[in-house]
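This briefing concerns the structure shown below. Please keep the sequence and the 3D view at hand while reading.

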Amino acid sequence: MSDSLRVSRRSLLATAGAGALTAAVPGVASAAGPDEAPVSTPSETKEVDVAIIGAGLTGLNAARALKSAGKSVHVVEADDRPGGRVWTVNLDDGTPVNWGATFVGPQQTEILALAKDVGVGTYKTWNSGKNVQFFNGQRKTYAGTVPQADVGSLLEVSRAMSRLNGLAGSMDPATPWTHPMAAELDKITAHTWIRQNATKLMSQKLLDLAVPALFSVEPWEVSALHLIFYVRSAGTIQNLLNVNAGAQESQFDGGSQIICERVAEQLGTGAVTYSSPARRVVTKDGRTTVYADGVTVVAKKVIVAVPPPMIPRISYEPLLSPTKDQICQHSPMGSVGKAVAVYDTPWWRAKGLTGQATSDIGPVKITFDISPASGKPGVMMGFVDGQDARDWSFWSYEDRRAKVLAQFAEWFGPEALSPRQYLDYNMDAQEWHRGCPVSVPQPGTITGYKDALRRPEGDLHFACTETATIWSGYMDGAVRAGKTVAAEVQAAL
Ligand SMILES: Cc1cc2nc3c(=O)[nH]c(=O)nc-3n(C[C@H](O)[C@H](O)[C@H](O)COP(=O)(O)OP(=O)(O)OC[C@H]3O[C@@H](n4cnc5c(N)ncnc54)[C@H](O)[C@@H]3O)c2cc1C
């Protein structure tokens, strides 16, 4: 068995999980035998106030809020676990590693409050020492947040970041299409905006790097207006990019998925049906019926809490509006993978390095030390974003491992070549995600479709981190979206 498969999911998960992980590693055959073929279960029918499709942070928090308001709920989840884009696996020694969301920042007060509520603590991301930068084939190190570049480029970057914050400051995050420059900004991509605001190659390169880091797409694949919205939603560009006092400051003890597991448990036995993809939603005679594998849920209201591109993969009677369907078509998911190398200790720390690197060549362009709070084992994680994620999905496991470890060795030292475990995955291969971390509106989408994504249609309500106005795209945004849609549904019941 290759190292990439030698991970175990939480005890909650059935053998199906191993198959799902295997499927995430292109070119590696599934270990499932014929006797593990899926068996169709007879469908039971449940009648509740609110049916919820999707047990990610949004769906779970909507269910939590509705339940505490005295409403009956049932959640159907396609996967065999709660969490969705929050997904934690365990290494050989039980150390949790997040395939999905990892980091949390001090401004993300809703997810922090939820974690505290369910008894999950945080620890600081390792950030002592120097960062590595590998541009134009040259390795340099720097301390703090300002990379090594000529003064002219640094000034341009700083000015462009101030402009981003300024443009974001005049945006109402609930209605980004009403921004005074919305029409102009939604006609261009982030790539064009960067070139309009920075002329030097080095400053363009530094600014370009932020785009795949945030959205896992290339700068020419996202509307400049959406980039401004993202900054507005997080407060400042610094909040998005920084470790200290920013979105990467901390991680959850035991992995992020524990939060979702605990919320799901609190909903009560049988409140969530797993391995139960919703296939069809039919509204008739004042009732809406969700037909999912293994369960049929009849409800007064339905919350569709799946990412935008997954919304039209369910069939609806009556049909969704064309604007709802089309905004989903115009907001594809990013492409993302993660590579993780595990060592007995985080040896780079002794060399005075944070374990953070940025590079202008892939497959990995950004790394973090994601070792647990104890510092044992040492875990180095590399993000593979945008075009790099698409490219590496064609490579063999051996090629991916060799290229990633060679990058880690070039940046941190030859010790990187001998991990005790190496694993990687591509979230795009997951059946119920088909890409991550977020869906990304193309130019023309925000001004063209406005609030079509979050607008209710009949008895159907829609929510996901992408509908959040604060920390959209993040775990925090998902918690907020869950609460918002629960209030909306309660008012409509
Ligand atoms: C690689 C990666 C890194 C990330 N890093 C961070 C980070 O460091 N910090 C951070 O805050 N955020 C991060 N995020 C983003 C964060 O994970 C998401 O914003 C958040 O988890 C979204 O929650 P959600 O409930 O809106 O959507 P999801 O988590 O996508 O939940 C939707 C659920 O619906 C289910 N589903 C889909 N279709 C159906 C169907 N037909 N029937 C039933 N169920 C269905 C899915 O299986 C899923 O469980 C990251 C995401 C990824 C993938």
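The points below treat the ligand and its surroundings, and then a small set of paired strands.

The model is predicted. In it, the ligand is surrounded by 36 residues, and the protein covers 97% of the 1000 Å² of accessible area that the ligand has on its own. Elsewhere in this account, three strands form an open sheet with antiparallel pairing.

**Shell around the ligand**

- The closest of the surrounding residues are T58, E77, R85, A278 and M475.
- By residue class, the shell comprises 23 nonpolar, ten polar and three charged residues.
- Helix α2 (57-68), strand β15 (336-343) and helix α15 (475-492) each contribute at least two residues to the shell.

**Backbone contacts with ligand oxygen atoms**

- For R85, a backbone N or O atom lies 2.8 Å from an oxygen atom of the ligand.
- For L57, the corresponding distance from a backbone N or O atom to a ligand oxygen atom is 3.1 Å.
- For Y474, a backbone N or O atom is placed 3.4 Å from an oxygen atom of the ligand.

**Three-stranded sheet**

- The strand order of the open sheet is β5-β9-β6.
- Strands β5 (103-104) and β6 (122-124) form the edges, and each pairs on one side only.
- Strand β9 (residues 250-252) pairs with β5 in the antiparallel sense over two bridges.
- F103 has Q251 of β9 as its bridge partner.
- In general, the strands of a sheet pair through backbone hydrogen bonds, in either a parallel or an antiparallel manner.

Key: Residues are numbered from 1 along each chain as its sequence is written. This is a predicted model: local features need pLDDT of at least 70, side-chain atom pairs count only at pLDDT 80 or more; totals for chains, interfaces and linings use all residues. Side-chain values use heavy atoms; hydrogens and water are left out. Two strands pair if DSSP finds at least two bridges between them. Helices (H or I, at least four residues) and strands (E, at least two) are DSSP runs, numbered from the N terminus. A residue is near a molecule or strand if one of its heavy atoms lies within 4 Å of it. A polar contact is a pair of N or O atoms within 3.5 Å; within protein, one must be able to donate a hydrogen and the other to accept it, and residues adjacent in sequence count only if both atoms are side-chain atoms. Accessible areas come from the Shrake-Rupley method with a 1.4 Å probe; for residues, only the protein chains shown count as cover. Ala, Val, Leu, Ile, Met, Phe, Trp, Tyr, Cys and Pro count as nonpolar, Asp, Glu, Lys and Arg as charged, and the others, Gly among them, as polar.
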